[in-house]
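Subject: A structure for you to explore

Hi there,

Here is the structure I promised to hand over to you. Have a look at it first, and then read on for what turned up in it.

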Amino acid sequence: PDLWSPWPSYPAVYFFLAHGGVVTASAVLVFGRIQPLRRGALWRSYALLTAYTMVLGAFNGVVGANYMYLCRKPRNPSLLDWLGPWPIYLAGGAGVGFVLFWLLWLPLRPRAPTSRQAGS
């Protein structure tokens with residue numbers, strides 16, 4: 001992240017707690033089987049992320065912001081530096097994001113019932 005405040009200031013701690021909280025809540029819902037994944041969850045979630053990114057890109061253009069680093073890379077070195085210059089890194093980031101979605105989905109994917117389970 002391109003934090004404007006040094007660690008361990010309140011903004012820096014809040015940034016990691018807020019972003020980590022989203023990941024933790026999702027993991028608890030899925031790994032705890034509170035909300036199991038349904039067929040097509042991978043594609044739906046990736047499509048929603050892509051739609052959100054497009055809306056946010058338009059918002060960035062209107063107000064001159066740079067949420068999700070859609071307009072330029074962070075000033076500090078980051079993993080985006082490995083994905084090429086703007087706008088190439090956007091496509092690379094989308095590809096990396098999809099691979100990460102797929103890897104996270106793989107162990108939790110819904111499985112078709114076996115013939116033994118279907119007959120029970």
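Let's start with a term you will need: a salt bridge is a side-chain nitrogen of Lys or Arg within 4 Å of a carboxyl oxygen of Asp or Glu. Please keep in mind throughout that this is a predicted model.

**The salt bridge**

How many salt bridges does a search of the whole structure find? The search gives 1. The partners are K73 and D81, whose side chains meet with 3.9 Å from N to O. That distance counts because the definition asks for a nitrogen within 4 Å of a carboxyl oxygen. Are these two residues buried or exposed, or something in between? K73 has a relative accessible area of 25%, so K73 is partly exposed. D81 is also in the partly exposed class, because its relative accessibility is 38%. Both values fall between the cut-offs, since buried means under 20% and exposed means over 50%.

**The helices and the domains**

Next, try helix α1, which covers residues 10-31. You can check its length yourself: at 1.5 Å a residue, its 22 residues should span 32 Å. The C-alpha atoms at its ends are 30 Å apart, so the model agrees with the expectation. Just after α1 comes R33, where phi is positive, at about 60°. Within α1 you will find V22, which is exposed because its relative accessible area is 54%. From V22 to T50 the distance between C-alpha atoms is 18 Å, and the two are 28 residues apart along the chain.

Helix α2 takes up residues 41-63. One of its residues is Y46, and Y46 is buried because its relative accessibility is 17%. Which residue lies 52 residues from Y46 in sequence and yet 7.1 Å from Y46 in space? It is F98, with the distance taken from C-alpha to C-alpha. Compare that with another pair: Y52 and V23 are 29 residues apart along the chain, and their C-alpha atoms are separated by 17 Å.

The domain assignment of the chain divides it into domain 1 (7-36) and domain 2 (38-106). Taken over C-alpha atoms, the centres of these domains are separated by 19 Å.

**What the UniProt record adds**

An unreviewed UniProt entry lists residues 12-34, 46-68 and 88-108 under "transmembrane region". How do two of these spans look in the model? Residues 12-34 are 87% helix and 0% strand, and their end C-alpha atoms lie 31 Å apart. For residues 88-108 the figures are 86% helix and 0% strand, with 31 Å between the end C-alpha atoms.

**A nonpolar patch on the surface**

Now turn to the surface. L49, Y52, F59, V62, V63, Y67 and M68 make a nonpolar patch of about 710 Å². Two members worth clicking on are Y52, which is in helix α2, and V62, which is in helix α2 as well. V62 counts as exposed because its relative accessibility is 71%. Y52 has a relative accessible area of 48%, so Y52 is partly exposed. M68, another member of the patch, lies in the loop between α2 and α3. With 40% relative accessibility, M68 therefore counts as partly exposed.

**Backbone details in the loop**

Stay with M68 for a moment, as its backbone deserves a look too. Phi of M68 is near 60°, which is a positive value in a residue other than glycine. Y69 is not a glycine either, and its phi is positive at about 55°. Y69 lies in the loop between α2 and α3, and Y69 is partly exposed because its relative accessible area is 24%.

Where in this loop should you look for a cis peptide bond? Go to the bond from W86 to P87, which is cis, with omega near 0°. P87 has its place in the loop between α2 and α3, and α3 itself covers residues 88-105.

If you want a route through the model, begin at the K73 and D81 salt bridge, go on to the patch that includes V62, and finish at the cis bond from W86 to P87.

Enjoy exploring!

Best wishes

Terms used:
Residues numbered from 1 in each chain as written. Predicted model: local features only at pLDDT ≥ 70, side-chain atom pairs only at ≥ 80, totals over all residues. Heavy atoms only, no water. Patch = residues over 30% accessible without salt bridge, like charges linked within 9 Å, V, L, I, M, F, W, Y side chains within 5 Å. Areas by Shrake-Rupley, 256 points an atom, 1.4 Å probe, with all protein chains shown as cover. Helix = DSSP H or I, 4+ residues; strand = E, 2+ residues; numbered from the N terminus. Buried < 20%, exposed > 50% of the residue type's maximum accessible area, 1.4 Å probe, protein only. Expected span 1.5 Å × (residues − 1). Domains from an automatic or database assignment. UniProt positions renumbered as here; feature names shortened; annotations may be inferred.
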